[in-house]
Amino acid sequence: MGDPSPPSGREEPVVIRVSDVRKAFRSGAEEVEALRGVSFEVQRGTGLFIVGPSGSGKSTLLYLLGALDNPTSGTIVIDGANITAMDEVQGDVFRRGKIGFVFQQFNLIPNLSAVDNVLLPYIPTGLTPECRAKAAELL
Amino acid sequence: MWRFASLNLITRPLRTLLAVVGLTIPIVAILGLFSLTQGIRSLMGNTLSRMAGLIVMRADAPAPVFSELPAGLVDEIQKVPGVRIVAPEVWRIAPPIEGRNLLARAAAKALTSRGDERFSSFAETIMLEGEQLPEHLLLRGGAFRHSLLPPQRGGGRYLLDTDVGRPHVVISTKIARDYPNADGTPKKVGDRLLIGGKPFQIVGLYQTGSLMIDETIVMEITTARELLGIDRKQVSAFYVEPDPQTDIDALERAITRAVANVQVRSMSQFNVQVGNIMGHLDLFLVLTVGLALLVGGVGIANTMLMSAVERTVEFGVMRANGWTRRNILGLVTAESALLGLLSGLVGTGLAIAAIAALNSILVRYELRLELTVPLVAARNAVAIAVASLAGLYPAWRASRMTPMDAIRNEAS
């Protein structure tokens, strides 16, 4: 595993690089392989759809790309940072800064306003007026 | 974070209210009970600190009013090294005052009254003390003499040598209020007070502020003996004032050795005993209230645990959005601490109101519940600490949620 920190300086054209990623789950005595050596790249500024039948490993791959889970082997580099080499807190901080989730049911926090829901990742670090203005603008 | 924690409590008002009530009850109990012991402690302390000497009375008598000793013992006690003054005195429960039989009245009231009226009947039992002059006038202590009201407030004077054999009394302002003139005004210096059917002239008014002392009528000893039918060779007790450098405990032992069939009680001994009793009472209160706090804490823990279970998806979403386990732990603990703070504030408010109401009733007994700032501050700190501790386990449970929990719960 390499250095998890992103390189400083200019942005690379490849924003996501997945290399030979494998993910296996143990079900009793049996080991089930959800992903078998997945590799691909996503260029900066492009969109990607992952399509496949139920049980083909789409969700598992998304969890790994979202730094929510770790692969059994292989590496995932996002915006220059090797997320497969990160510990839990590094993963949390990475998600806060780089990853956004849209759940099927939205899962908004009911006690918070729309702006505060947008700002949810930054509540623990403190919200500045600039943050609020940016969130309001995005909405 | 704190704003978010507050919102989480505000948006679940019923649950918050129930948790706060659970912790508020022990807080009110603690503040109320400790302010009561504080009040009793200062009352006893004020009373006993006025009497720095020793009381010599019959060996088996529980109190001076039940004690009888030969007056001649004064010479034996005076010979004990370290004794400065021996002041003979007689003590009895007062005969009917203004035609009112105190004991009969107290018993009748106790049988027919309710609540504080029943209590008041016994608190109003008046004692009568006859002081031998000039010995009592030479005492440096002397609770009544030093508590005489100033002349401008109608305090009059204390007993003098010229009062020997004369029907003159010094009474407390409380007795003056409790046995008013026919027009309802309190007795004042110069007025007459009927004691055992005989008229006495009030020459002085005192006010010690102590429940124990302010129920005493003071007169000269020969006048008291004549009124109460006590032989002139008899006293109830001797008040002994030690020389300034004398060790009071050593003097107490010396008198007990030198004089047969007497017991010697020092006021410091009473003070220590009272201190011990209050200490035990405090310990008992701490244990009792500790249990109540535990129950309140369990209530908070239950509330927060339910909240954590209900908010599984919410915590998962937060974790997915970059909240660390420590952030979640901090949020839930902050919510618990806010519940504790809220309970503390509500409890303090209720306790202040309850104590003010009680004090307005207890003022007639010269007893005052004391709610001190350190007590309130300490209690609120305990409330916050208990609530925070109670919230730790639910907070830990919540922090164990993984981002995957949100997605799985969403799917289910």
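1. In this predicted model, helix 10 of chain B has B:Val313, B:Glu314, B:Phe315, B:Gly316, B:Val317, B:Met318, B:Arg319 and B:Ala320 as buried residues. The helix spans residues 312–320, and eight of its nine residues are buried, so it is largely enclosed by the rest of the structure. The buried set includes the charged residues B:Glu314 and B:Arg319. After helix 10 of chain B comes B:Gly322, with a positive phi near 100 degrees.

2. The largest nonpolar core has 60 residues. Within this core, B:Ile300, B:Leu339 and B:Ala387 have the most contacts. Helix 11 of chain B, residues 325–362, gives the most to the core, with ten residues. Which residues does B:Ile300 touch, leaving aside its neighbours within four places in sequence? They are B:Ala19, B:Gly22, B:Leu23, B:Ser336, B:Leu339, B:Ala387, B:Ala390 and B:Gly391. Another core, of 50 residues, lies apart from the largest one. Its members include B:Phe144, B:Tyr158, B:Tyr179 and B:Tyr206.

3. Helix 11 of chain B also packs against helix 13 of chain B, residues 392–399: their axes come within 8 Å and cross at roughly 145 degrees. The crossing of these two helices is right-handed. From helix 11 of chain B, the contact uses B:Arg325, B:Ile328, B:Leu329, B:Val332 and B:Thr333. From helix 13 of chain B, it uses B:Leu392, B:Pro394, B:Ala395, B:Trp396, B:Ala398 and B:Ser399. By type, the residues of this contact are eight nonpolar, two polar and one charged. A general point helps in reading such lists: an α-helix has 3.6 residues a turn, so residues three or four places apart point the same way.

4. Strand 6 of chain B, residues 192–195, has two unlike faces: B:Leu193 and B:Ile195 form a covered face, while B:Arg192 and B:Leu194 form an uncovered one. As background, the side chains of a regular strand alternate between the two faces of the sheet. Strand 6 of chain B pairs with strand 7 of chain B, residues 198–206, in the antiparallel sense over four bridges. One bridge partner in strand 7 of chain B is B:Pro199, which is matched with B:Leu194. The two strands form a hairpin with two residues between them. In the turn, B:Gly196 has a positive phi of about 60 degrees.

5. Chain B also has a cis peptide bond, from B:Leu133 to B:Pro134, with omega near 10 degrees. In general, most peptide bonds are trans. B:Pro134 is placed in the loop between strand 4 (127–131) and strand 5 (168–172) of chain B.

6. Chain A contains four helices and four strands. Read from the N terminus, its elements run β-β-α-β-β-α-α-α. Buried residues are 20% of the 139 residues in chain A. Among contacts in chain A with a separation of 6 or more, 52% are between residues 24 or more positions apart.

7. The strands of chain A form an open sheet of four strands in the order 2-1-3-4, with antiparallel pairing. Strand 2 (30–43) and strand 4 (81–82) of chain A are at the edges, each with a single partner strand, so one side of each has no neighbour in the sheet. Strand 1 (residues 14–27) and strand 3 (residues 73–78) of chain A are antiparallel and joined by five bridges. Across this pair, A:Val18 has A:Ile76 in strand 3 of chain A as its bridge partner.

8. Two loop residues of chain A deserve a check of their backbone angles. A:Ala67 is not a glycine, yet has a positive phi of about 60 degrees. A:Ala67 sits in the loop between helix 1 (58–65) and strand 3 of chain A. Is A:Ala67 buried or exposed? A:Ala67 counts as buried, because it has 25 C-beta neighbours inside 10 Å and the cut-off is 20 or more. A:Asp79, also not a glycine, has a positive phi of about 50 degrees, and lies in the loop between strand 3 and strand 4 of chain A. With 17 C-beta neighbours inside 10 Å, A:Asp79 counts as partly exposed.

9. The last point concerns the contact between the chains. Chain A and chain B each bring 19 residues to the contact. On the side of chain A that touches chain B, helix 2 of chain A (residues 88–98) gives the most, with five residues. The residues on that side of chain A are eleven nonpolar, four polar and four charged.

Definitions and conventions. Residues are numbered from 1 along each chain as its sequence is written. Chains are lettered from A and ligands numbered from 1 in the order in which they are written. This is a predicted model: local features need pLDDT of at least 70, side-chain atom pairs count only at pLDDT 80 or more; totals for chains, interfaces and linings use all residues. Two residues are in contact if their C-beta atoms, placed from the backbone, lie within 7 Å. A residue is buried if 20 or more other C-beta atoms lie within 10 Å of its own, exposed if 12 or fewer, and partly exposed in between; C-beta atoms are placed from the backbone. A nonpolar core is a set of buried Ala, Val, Leu, Ile, Met, Phe, Trp, Tyr and Cys residues joined through C-beta atoms within 7 Å. Axes are lines fitted to C-alpha atoms, for helices over the stretch in contact, and angles run from 0 to 180 degrees between N-to-C directions. A crossing is left-handed if the near helix is turned anticlockwise from the far one by less than a right angle, and right-handed if clockwise. Two strands pair if DSSP finds at least two bridges between them.
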